[in-house]
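Colleague: Could you take a close look at the sheet in this model for me, together with what packs on it and the pocket beside these parts? I would enjoy a connected walk through the details.

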Amino acid sequence: MSEHLRQRNIADFLAHRPPMILIDHIEQHSDNYLLTSVSISEHSPFFDPVLGRVPNYVGIEYMAQSIAALAGVEAERCGEPIRVGFLLGSRKLQLHCAGFLPGKQYQTAVRRLYQEASGLAVFDCEILHQGETIASANVNVFQPRDTAAYVAGGAEVSVGDPT
């Protein structure tokens, strides 16, 4: 299944649109897990020509978009539309590099640790370069069933809510 996903356009699984799509491909997928890749160039979003790299803090968005891609793959499998999600925050963020260098490929692995029926979830994430972890975090996200109602303030969410 992963090879089929790798050949698909990543935009098929994200609510984002260019130029804000930061990841390139799905490399592997299984229940509660997704591995994505991004190849950095001088044309990559957020590339800083003065620094000669994409700054390391953009890694949290690589993680968030990889989580969103997992949600998109799962939505497609269930015949549901792709929904917007929200990055709530992170814990244990570690950045072991100054940034992401042109000519290099990075992989982002996301593993779902916990998810509430309300749409709240926690993921263990890491960014790898040649098999070495260069960034990691636990990322908290929320994906409401009705984004418009949630943004308008009309939808209430509580932990443990079965709806």
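Modeller: Happy to; what follows goes from the sheet to the helix on it, then to the pocket and a few backbone details.

Please keep in mind that this is a predicted model. The sheet is open and has six strands, in the order E1-E2-E6-E7-E8-E4, with antiparallel pairing. Strand E1, residues 25-30, and strand E4, residues 86-95, are the edge strands, each with a pairing partner on one side only. On average, neighbouring strands in this sheet are turned by 20° against each other, direction ignored.

Let us follow some of the pairs. E2 and E6 run antiparallel and are joined by seven bridges. Within this part of the sheet, Ser 37 stands opposite Gln 107 in E6. E6 then pairs with E7, again antiparallel, through eight bridges, and here Ala 109 stands opposite Glu 126 in E7. These two strands, E6 and E7, make a hairpin with four residues between them. If you check the backbone torsions in that turn, you will find Gly 119 with a positive phi of about 110°. At the E4 edge, E4 pairs with strand E8, residues 132-142, in the antiparallel sense over seven bridges. A residue pair to display there is Gln 94, which stands opposite Ser 136 in E8.

Now for the helix. Helix H2, residues 59-77, packs on the sheet and touches E1, E2, E4, E6, E7 and E8. The direction of H2 makes about 60° with that of E6. A salt bridge also connects this helix with E6: Arg 112 pairs with Glu 74, and their closest N and O atoms are 2.4 Å apart. Arg 112 sits in strand E6 and Glu 74 in helix H2, so to speak a link between distant parts of the chain, 38 residues apart. The structure holds six salt bridges.

H2 comes up again in the largest pocket, which contains about 620 Å³ of space. Of the 33 residues lining this pocket, Ile 67, Ala 71, Arg 83, Gly 85 and Gln 143 are the closest to its centre. The elements giving two or more residues to the lining are H2, E4, E6 and E7. H2 provides the largest share, with nine residues. Sorted by class, the lining has 19 nonpolar, seven polar and seven charged residues.

Two backbone details lie in loops that lead into or out of the strands. The peptide bond from Pro 18 to Pro 19 is cis, with omega near 10°, and Pro 19 is found in the loop between helix H1 (2-7) and E1. Phe 46, in the loop between E2 and strand E3 (54-55), has a phi near 75°, which is a positive value in a residue other than glycine.

Methods. Residues are numbered from 1 along each chain as its sequence is written. This is a predicted model: local features need pLDDT of at least 70, side-chain atom pairs count only at pLDDT 80 or more; totals for chains, interfaces and linings use all residues. Side-chain values use heavy atoms; hydrogens and water are left out. Two strands pair if DSSP finds at least two bridges between them. Axes are lines fitted to C-alpha atoms, for helices over the stretch in contact, and angles run from 0 to 180 degrees between N-to-C directions. Contact means heavy atoms within 4.5 Å. On a 1 Å grid over the protein atoms alone, a cavity is a set of points where a 1.4 Å probe fits but cannot get out, and a pocket is an open set with protein on both sides within 12 Å along at least five of seven lines; lining residues have an atom within 4 Å of a point. Grid points are joined across faces, edges and corners, and a volume is the space filled by probe spheres set on the points. Ala, Val, Leu, Ile, Met, Phe, Trp, Tyr, Cys and Pro count as nonpolar, Asp, Glu, Lys and Arg as charged, and the others, Gly among them, as polar. A salt bridge is a side-chain nitrogen of Lys or Arg within 4 Å of a carboxyl oxygen of Asp or Glu.
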